[in-house]
Amino acid sequence: MGMSSVKLLLAAALWLEMVAGAEYVRYKDPKQPVAARVKDLMSRMTLAEKIGQMTQIDRSVATEQILRDYSIGSVLSGGGSEPLPEARAEAWINMVNRDPELVKKIGAATALEVRATGIPYVFAPCIAVCRDPRWGRCYESYSEDHKVVEQMTDIIPGLQGDIPSGSRKGFPYVGGKDKVAACAKHFVGDGGTTRGINENNTVIDMHGLLSTYMPAYAQSIIKGVSTVMVSYSSWNGQKMHANRELISGFLKNTLKFKGFVISDWQGIDKITSPPHLNYTYSVQAAIQAGIDMVMVPYNLTEFVRDLTNLVNGKVIPMDRIDDAVQRILIVKFTMGFFENPMADFSLVPELGSQAHRDLAREAVRKSLVLLKNGKPGSTPLLPLPKKASKILVAGTHADNLGYQCGGWTINWQGFNGNNDTRGTTILSAVKSTVDRSTEVVYRESPDANFVKSNKFDYAIVAVGEPPYAETAGDSADLTMIDPGPSVINDVCGNVKCVTVIISGRPIVIEPYVSVIDALLAAWLPGTEGLGVTDVLYGDYGFSGKLPRTWFKNVDQLPMNVGDSHYDPLFPFGFGLKTDSGTSIVSRSISSVASKRPCWFILLITITLSFCFTGNIPCFRTDFTLKAYNIHLHYR
């Protein structure tokens with residue numbers, strides 16, 4: 001057990017010692033209504049303790065003394081921070097001690113696996129509406145169509161549990177020890193920034209904001225979402241972290257949201273340009289705007305000092321502090337933190353269980369979108385025959401779990417290779433799927449002469465994007481990594497080939513489509529490469545549809561369905577369909593209104609756990625814990 005584990009367990013012991021033998025206290029009585037417990041506890045809290053509850057710090061500065069002295073409300077593990085290299089579920093616990101039905105199942109599986117690590121809070125779902133694929137966070141968005149994004153909020157009951165009938169609108173709900181609190185993010189308009197630049201300005205009138213970017217928040221609140229995270233971006237030049245009209249006025253008052261609002265990582269620092277130019281002003285603007293918990297994450301003494309001075313100087317009224325703390329405590333009481341503060345080791349076997357991997361595999365195969373199946377005048381290439389003399393598997397993404405998983409996996413920016421998590425690459429999946437007599441040859445970047453001389457029956461080429469997260473993923477040209485284009489030309493120009501695009505968004509493929517026999521968008525299939533071969537070889541049919549427009553060239557961007565200049569390579573909703581074991585049976589470019597297709601969704605799970613500060617359990621956050629990527633869909 002590491003020092004972090006010891007410190008947190010000591011903090012837990014201190015808390016338990018304080019509780020033992022104490023006289024009846026109303027907030028400790030689980031039979032009392034949450035509102036009554038919150039009111040009683042708040043009546044016993046000092047200003048320092050209340051400000052502590054509004055503070056989230058990084059685990060690297062979370063000593064036992066700081067947790068105790070500052071009554072810290074939340075502790076996060078930043079990108080790549082973990083208790084041990086390749087940490088197992090026990091280590092995480094020790095450290096802290098499109099089918100709506102399928103979406104809900106995936107949410108429930110995610111909740112169970114997150115709880116298996118001792119963590120009760122996820123920073124999901126991301127309900128951004130990505131209107132420009134040049135944005136580096138586009139793969140965190142469900143679709144360019146807000147209607148699809150609204151439907152995907154069904155993951156919230158999966159994560160938190162079904163909200164009881166008769167529940168008050170806007171109040172958070174978490175139903176048991178196998179569920180987690182969810183976080184709808186990033187409020188609001190983060191997917192509509194100019195030129196898709198991360199943290200940039202979204203220029204749109206109020207009607208457009210409310211009709212495109214706000215509906216999913218209304219749905220999330222109806223479904224009892226516990227928290228909402230504010231966006232780094234601006235709306236018409238005003239930083240969202242300082243936007244009182246939208247946070248307090250619309251989110252809290254109009255939509256009646258009763259959970260708590262959390263900032264993004266150092267989000268309040270970025271209210272000024274350059275960041276942290278006038279931190280006292282940033283603290284004032286953020287808290288007055290309605291942010292309840294601040295992801296500091298390092299310089300807690302400055303935040304605590306400035307907020308304390310602002311309250312004592314009557315710049316920020318005490319009722320604003322009380323509102324923030326009340327919201328935080330409502331979520332903590334609702335989650336059962338005071339009754340079940342310790343992690344449950346009995347859930348450890350759920351992490352990476354075969355049942356959950358099977359669910360992920362199902363979601364992968366249902367999210368794949370078949371874009372082409374056969375050149376003009378030729379027979380369809382798919383499904384591929386399992387029995388062949390010799391086949392070629394090639395490309396930068398054919399044998400690379402890190403590339404399959406993308407960003408926010410193990411590390412903030414993801415990883416390269418097969419050593420950081422276990423799973424099945426596309427190459428491994430092909431080898432385990434084809435007949436024993438089929439010779440499988442792998443070359444990452446074969447030249448044309450090699451392809452010609454080997455007389456392959458067919459080839460599978462996997463190419464695409466490298467892993468990335470946030471601003472590092474912003475791209476003005478949206479090209480695949482080298483030598484992807486040359487591999488396509490050298491292989492597909494000399495043998496029948498299916499090209500698998502591994503990417504978090506549409507990328508430039510028009511120059512290569514004519515040479516390719518079959519083309520599919522596999523998005524980010526994570527560790528479940530068998531989900532790809534399930535449909536390549538016809539064990540299951542293709543059924544996925546594009547949740548976003550596939551452009552011809554980047555000069556067209558931004559371009560979304562319904563735009564006057566709409567001229568895509570593959571339109572929104574497009575996807576060729578096959579039946580299992582048969583060739584192509586239909587082509588669908590129908591609208592969402594006439595079809596109920598499967599959609600590609602990437603679930604980004606950013607998780608949170610807990611520690612103890614005096615009498616009050618505190619959240620603990622992890623940005624990178626992810627056993628495997630999964631995709632959601634709806635029919």
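This section describes a group of parallel strands, one loop residue, a pocket and a cavity in a predicted model.

Strand β12 comprises residues 390–394. Five of its five residues are buried, so β12 is largely enclosed by the rest of the structure. The side chains of this strand are divided between two directions: K390, L392 and A394 point one way, I391 and V393 point the other way, and all are buried. β12 has pairing partners in both β13 and β14. With strand β13, residues 439–443, β12 runs parallel and is joined by five bridges. Within this pairing, K390 has E439 of β13 as its bridge partner. With β14, β12 also runs parallel, and here the strands are joined by four bridges. Two of the residue pairs can be located on the structure: I391 is the bridge partner of Y458 in β14, and A394 is the bridge partner of V461 in β14.

Strand β14 spans residues 458–464, and seven of its seven residues are buried, so this strand too is largely enclosed by the rest of the structure. Burial extends to both faces of β14. On one side lie Y458, I460, A462 and G464, and on the other side lie A459, V461 and V463, all of them buried. Y458, the partner of I391 in β12, thus belongs to the side that also holds I460, whereas V461, the partner of A394, belongs to the side that also holds A459.

Besides its pairing with β12, β14 pairs with strand β15, residues 497–502, in the parallel sense over six bridges. In this pairing, V463 of β14 stands opposite I501 of β15. The connection from β14 to β15 passes through helix α19, residues 484–492, and the resulting β-α-β crossover is right-handed.

A buried residue is also found outside the strands. T409 is located in the loop between α16 (401–405) and α17 (426–433). Its relative accessibility is 1%, and T409 therefore counts as buried, the limit for this class being under 20%. The side chain of T409 reaches the backbone oxygen of G406 at 3.3 Å.

Empty space in the model was examined next. Rolling a probe the size of a water molecule over the atoms shows where such space is left. The second largest pocket has a volume of about 380 Å³. It is lined by 17 residues, with R168, F171, P172, K258 and I330 the closest to its centre. Two elements, α2 (34–43) and α14 (318–334), each give two or more residues to this lining. The greatest contribution comes from α14, with five residues. By class, the lining of the second largest pocket consists of nine nonpolar, three polar and five charged residues.

The second largest cavity has a volume of about 140 Å³. Its lining is formed by 13 residues, among which R115, K177, N340, M342 and A343 lie nearest the centre of the cavity. Of the residues in this lining, seven are nonpolar, three are polar and three are charged.

Conventions:
Residues numbered from 1 in each chain as written. Predicted model: local features only at pLDDT ≥ 70, side-chain atom pairs only at ≥ 80, totals over all residues. Heavy atoms only, no water. Buried < 20%, exposed > 50% of the residue type's maximum accessible area, 1.4 Å probe, protein only. Pairing = 2+ DSSP bridges. Right-handed = clockwise from strand over helix to strand, strands pointing away. 1 Å grid on protein atoms, 1.4 Å probe; cavity = no way out; pocket = protein on both sides within 12 Å on 5 of 7 lines; lining within 4 Å. Points joined across faces, edges and corners; volume = space filled by probe spheres on them. Nonpolar A, V, L, I, M, F, W, Y, C, P; charged D, E, K, R; others polar. Polar contact = N/O pair within 3.5 Å; in protein donor to acceptor, adjacent residues only side chain to side chain.
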